[in-house]
Each structure stands twice: as structure tokens, then as C-alpha cells.
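Let's take a walk through this model, one neighbourhood at a time. Keep the structure open beside the text and follow along.

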Amino acid sequence: MPANDILIVEDEPAIRAMVAMALERADFAVREAGDVPAAERAIADRRPDLILLDWMLPGTSGIELARRLRRDEYTRDVPILMLTARAEEDDRVRGLDVGCDDYLTKPFSPRELVARIKALLRRSGQDDATLVVGSLRLDTLAHRVSANGAPVELGPTEYRLLHFFMAHPERVYSRAQLLDMVWGRGAYVEERTVDVHIRRLRKALETHQCDHLVQTVRGAGYRFSAQA
Ligand code: CA
């Protein structure tokens, strides 16, 4: 499984480098941004698994970015760990108010940081090794899918699509939402591409009598559901 993708948003190069090194050593994939516009570009390109966000940034503040991310469906569920030089109770409360999941006061030790990140990823279910819906099992570590114990052969896009569906069952997603969530906002693909890959996914699942899990919701999009 690809390493968890962590985006660091921090304007001080020395801190950014220190954090990046600690995270790489802990086997995370790291991307860096020095301000909010750079962070927004990186996020549009690919949705990170977690965002480390400095409170004090030049121009737009970290707290404003957190607010924007929480308002946007694309990033609503991405865990945010706020880095702050302030330890005042008020600021902490404000950070949690706008939807930050946790905060860490500078200076912090790399070990503490890595421990908090792992805890947040665990809480958000992103390190769940195995997803199960109906008779389907998806092993995110081995990148394997099986149905009633038999291996299911999938292309890389169908795998990502199925992974997303299994992590978010029982909800309707429009084609545009699936494009954002599975392909990333930076991808310039047409909505009918979604239909192409849904068709391939169903075909692969059909062999195992699991294609009914991928449901078309007329006029709305698709839903992954173990219920008829
Ligand atoms: Ca700063």
C-alpha cells in the first residue's frame, strides 16, 4: 500500500525540513507547502491523508485554511493537526472549533508528532488494514481484494474506486464527487470516465456475484451498498 500522504503547511523552512525528515523516517510520504495558496494547489492535486497545519502563516492564516477545508466536501474528512506557537486555551478552543482534530504546541519532539499523526490516522480509520462489505474483503496493506475467499482481479483505477466505495458505503456520490475523491481535483477527466471504470469494476465483481454492490442511483450517481 502506498505510504500515507501527509501535507505539511508551514512557512518556516527550518521547522518544515525538521518535520519532513521526521515523517519520512516514520515512512510517511511527505509534501510541503509554505503558504495557503501553495497548500490549496497541493490539495487540489491530490487529497492528502492528513494535513499538518501551522497556525501563523504569511497572508491567509492556518485557521482560515482549516475553516475552508471543513466547508468543502472534498476535504471535510481529512484530519488536520494544527501546529501552534500559542498555548493559550482560547486559541486551542478556536482551532478545535473550526474543525482541527488535534493540535500540538511548538516546540514539540518529532516522536510526539509522529505518535499524534498515527493516532489521528487510526481514529479516522485510514490505517484499517482490511475493509469488509458483504462477501468482499479489501486488504489495503497487500492491495488485494477477495470475494468469498477467491481473489478479485482489478486494474489500479478500479481498485482505488472500490477502496473509496468500501470506505464510504451506503452513501450516494455524484460522478463529479467520485472524480474529486478518487481521481483528485487536479485530474482533468470527463465525468463519463467514471462510468467507464464503474462498468469495469462491475464486470470484475460480476464473476463473483458481487456486482449488485455497485448501485446506480438515477439522476444522482452511484452508491456502494450491501443492501438491495
Ligand atoms: Ca509560522
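**From a strand pair to a helix trio, then the calcium**

Leaving out residues up to four places away in sequence, Thr 130 touches Arg 137, Leu 138 and Asp 139. Bear in mind as you look around that this is a predicted model. Thr 130 sits in strand β6, which covers residues 130-133. Is Thr 130 buried, exposed or partly exposed? Its relative accessibility is 34%, so Thr 130 counts as partly exposed, since that label covers the range between 20% and 50%. You can also pair Thr 130 with Thr 140: ten residues separate them in sequence, while their C-alpha atoms are 6.0 Å apart in space.

Now hop over to one of those partners, Asp 139. Asp 139 belongs to strand β7, residues 136-139. With a relative accessible area of 27%, Asp 139 is partly exposed. Which residues does it contact once neighbours within four places in sequence are set aside? Asp 139 has Ala 129, Thr 130, Arg 144 and Tyr 159 as its contacts. Take Ala 129 from that list: it is ten residues from Asp 139 in sequence, and 5.7 Å from it in space, C-alpha to C-alpha. Closer along the chain there's a side-chain detail to pick out, too: a polar atom of the Asp 139 side chain lies 3.1 Å from the backbone nitrogen of Ala 142.

On to the helices. Two packed helices are described by the angle between their axes and the distance between the axes. Start with α6 (residues 156-167) and α8 (residues 191-206), whose axes come within 9 Å and cross at roughly 85°. An angle from 65 to 115 degrees counts as roughly perpendicular, and α6 and α8 are therefore roughly perpendicular to each other. On the α6 side of this contact you'll find Thr 157, Glu 158, Leu 161, Leu 162 and Phe 165, and they meet His 197, Ile 198, Arg 200 and Leu 201 from α8. Sorted by class, the contact of α6 with α8 has five nonpolar, two polar and two charged residues.

Helix α6 has another partner, α7 (residues 175-183), and here the axes are 10 Å apart with a packing angle of about 110°. That makes α6 roughly perpendicular to α7. From α6, Thr 157, Arg 160, Leu 161, Phe 164 and Phe 165 meet Leu 178, Met 181, Val 182 and Trp 183 of α7. What does this contact look like by class? Its residues divide into seven nonpolar, one polar and one charged.

Thr 157 is worth a stop of its own. This α6 residue touches Trp 183 and His 197, not counting residues up to four places away in sequence. Trp 183 is among the α7 residues that meet α6, and His 197 is among those that do so from α8. Is Thr 157 buried or exposed? Thr 157 has a relative accessible area of 15%, so it is buried, the cut-off being under 20%.

Finally, look for the calcium ion. Its protein donors are Asp 11 (OD), Glu 12 (OE), Asp 54 (OD) and Met 56 (O), at 2.1 to 3.2 Å from the ion. Along the chain, these donors follow the spacing D-E-x41-D-x1-M. As for accessibility, Asp 11 counts as partly exposed at 28%, and Glu 12 counts as partly exposed at 38%.

Technical notes. Residues numbered from 1 in each chain as written. Predicted model: local features only at pLDDT ≥ 70, side-chain atom pairs only at ≥ 80, totals over all residues. Heavy atoms only, no water. Donors = N, O, S within 2.8 Å, 3.2 Å for Na, K, Ca; no water. Buried < 20%, exposed > 50% of the residue type's maximum accessible area, 1.4 Å probe, protein only. Axes fitted to C-alpha atoms, helices over the stretch in contact; angles between N-to-C directions. Helix = DSSP H or I, 4+ residues; strand = E, 2+ residues; numbered from the N terminus. Parallel < 35°, antiparallel > 145°, perpendicular 65-115°, else oblique. Contact = heavy atoms within 4.5 Å. Nonpolar A, V, L, I, M, F, W, Y, C, P; charged D, E, K, R; others polar. Polar contact = N/O pair within 3.5 Å; in protein donor to acceptor, adjacent residues only side chain to side chain.
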